[in-house]
Amino acid sequence: MKTYDLMIIGPATRDVNIDYTGVEDRSTGGAVTFCTPAAAATGAKVFAAVKIAPEDQDIINGFHMDAGDIALLPSEKTTLMRNEYFTADRERRNASCPAQSGPVAPEEIPEVECKLYHLAGLLYGDFPNALIEALHEKALVSADAQGFLRHNEGGKLCFHDWQDKMKYLPYMDFLKTDAAEAEILTGLTDRVEAAKQLYAWGAKEILISHNTEMLAYDGKDLFTCPVKARNLSGRTGRGDTTFGAYLAMRMLGAGMEDALRYATACVSLKMETPGVFRGTKGDVEDYIRQFYG
């Protein structure tokens, strides 16, 4: 039986994105959509478990993966997201969610061997606590904090602290947040201090994304790496691309500093072009040589 380095689990979305000039485009989104190609480009063996409505099979086809490496987890609805950006750098936006997919149940997880399960969530309710517990019994677990902080309240997206964080942060071998999510979880605006607090609460390795740099901390070592993107036309999916690449490199045996440099270079390159990362590991290595010396 094939052993995978990581399984990326979560809902894909139908997205409507409106930029600051009013131009609208429609695309497929979701953390699983951006994480997967960034992870696969490293050469890691990646399995994608995608929560969507069965009639949206075209989303699965868009991953361009072998049929044996991807599974559709059926849902009554596919998550629908609407993002209206107010600035050219896409740092300020209004996001809403007209529809949300159902939760991923433990029994839906495909029976394949893997080293790490990554919960690539979008909204609170995507992953019940029972799923975290079941996966923790099988292998390493990582998660995007967004999936436990962002609530769909009648289509309006609202952020609230994760009520169960003290119980489940110790289940997280890897945890990804952005700077705002780290502040919601810890009450701290300093990213270094927030990472230290999340570690103290039990998360074993933390990655915090920011528009200027990425930060990684494991209780002993702390590394940062600057974002070098020459334009931000592909800003959507920044954190997901970073974490997909980072997790894959860690599963392949890279140290934290090398994994962080690779992941930051990968997302810097990706942000220069709209859509998911479509490059190769060689492209990222060339980018490192050019911009990270």
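**Questions on a predicted model**

Colleague: Which residues does Thr36 touch, not counting residues up to four places away in sequence?

Modeller: With residues up to four places away in sequence not counted, the list for Thr36 has Ile8 as one of its members. The model is a predicted one, and it places Thr36 in helix α1. The full set touched by Thr36 is Ile8, Val46, Ala48, Phe63 and Met65.

Colleague: Is Thr36 buried or exposed?

Modeller: The relative accessibility of Thr36 is 2%. The limit for burial is under 20% relative accessible area. Thr36 therefore counts as buried.

Colleague: What distance separates the backbone oxygen of Val32 from a polar atom of the side chain of Thr36?

Modeller: Thr36 is a residue of helix α1. A polar atom of its side chain is paired with the backbone oxygen of Val32, and the distance between the two is 2.7 Å.

Colleague: With which side chain does the side chain of Asp5 make a polar contact?

Modeller: Asp5 is found in the loop between β1 (3–4) and β2 (6–11), and it counts as buried because its relative accessibility is 7%. A polar atom of the Asp5 side chain lies 2.7 Å from the backbone nitrogen of Lys45. The side-chain partner of Asp5, at 3.0 Å, is Lys115.

Colleague: Leaving aside its neighbours within four places in sequence, with which residues is Asp5 in contact?

Modeller: Both partners named for the Asp5 side chain, Lys45 and Lys115, belong to this list. With neighbours within four places in sequence left aside, the contacts of Asp5 are Ala44, Lys45, Lys115, Leu116, Met251 and Leu252.

Colleague: What separation is found between the C-alpha atoms of Ala44 and Leu6?

Modeller: Ala44 lies in the loop between α1 (31–40) and β5 (46–52) and is buried, because its relative accessible area is 7%. Beyond four places in sequence, it touches Asp5, Leu6, Ala39, Ala248 and Leu252. Although Ala44 and Leu6 are 38 residues apart along the chain, their C-alpha atoms are separated by 7.9 Å.

Colleague: Which residues have the most contacts inside the largest nonpolar core?

Modeller: This core has 55 residues. Its largest share, 9 residues, comes from α9. Those with the most contacts inside the core are Leu6, Ile8, Val50 and Tyr246.

Colleague: How many residues make up the other core, among them Leu73 and Phe127?

Modeller: This core lies apart from the largest one, and its members include Leu131 and Ala139 as well as Leu73 and Phe127. Its number of residues is 39.

Colleague: At roughly what angle do the axes of helix α9 and helix α10 cross?

Modeller: Helix α9 covers residues 256–270 and helix α10 residues 281–291, and their axes come within 9 Å. The crossing makes α9 roughly perpendicular to α10, because angles of 65 to 115 degrees fall in that class. The axes cross at roughly 100°.

Colleague: Which residues of α10 make the contact with α9?

Modeller: From α9, the contact is made by Arg261, Tyr262, Ala265, Cys266, Ser268 and Leu269. The residues of the contact divide into 7 nonpolar, 1 polar and 3 charged. On the α10 side they are Lys281, Asp283, Val284, Tyr287 and Ile288.

Colleague: Near what value is phi of His64?

Modeller: His64 is placed in the loop between α2 (57–61) and β6 (70–74), and it is exposed, because its relative accessible area is 66%. Most residues other than glycine have a negative phi. His64 has a positive phi, and the value is near 55°.

Colleague: How far apart in space are Leu123 and Ala134, C-alpha to C-alpha?

Modeller: Leu123 lies in the loop between β10 (116–119) and α3 (129–136) and counts as buried, because its relative accessibility is 0%. Among its contacts beyond four places in sequence are Thr79, Cys97 and Leu157. Leu123 and Ala134 are 11 residues apart in sequence, and their distance in space, C-alpha to C-alpha, is 20 Å.

Colleague: Is Lys176 buried or exposed?

Modeller: Lys176 is found in strand β14 (residues 174–178). Its contacts beyond four places in sequence include Asp144, Glu181 and Phe243. Because its relative accessibility is 5%, Lys176 counts as buried.

Definitions and conventions. Residues numbered from 1 in each chain as written. Predicted model: local features only at pLDDT ≥ 70, side-chain atom pairs only at ≥ 80, totals over all residues. Heavy atoms only, no water. Axes fitted to C-alpha atoms, helices over the stretch in contact; angles between N-to-C directions. Helix = DSSP H or I, 4+ residues; strand = E, 2+ residues; numbered from the N terminus. Parallel < 35°, antiparallel > 145°, perpendicular 65-115°, else oblique. Contact = heavy atoms within 4.5 Å. Nonpolar A, V, L, I, M, F, W, Y, C, P; charged D, E, K, R; others polar. Buried < 20%, exposed > 50% of the residue type's maximum accessible area, 1.4 Å probe, protein only. Polar contact = N/O pair within 3.5 Å; in protein donor to acceptor, adjacent residues only side chain to side chain. Core = buried A, V, L, I, M, F, W, Y, C linked by side-chain atoms within 4.5 Å.
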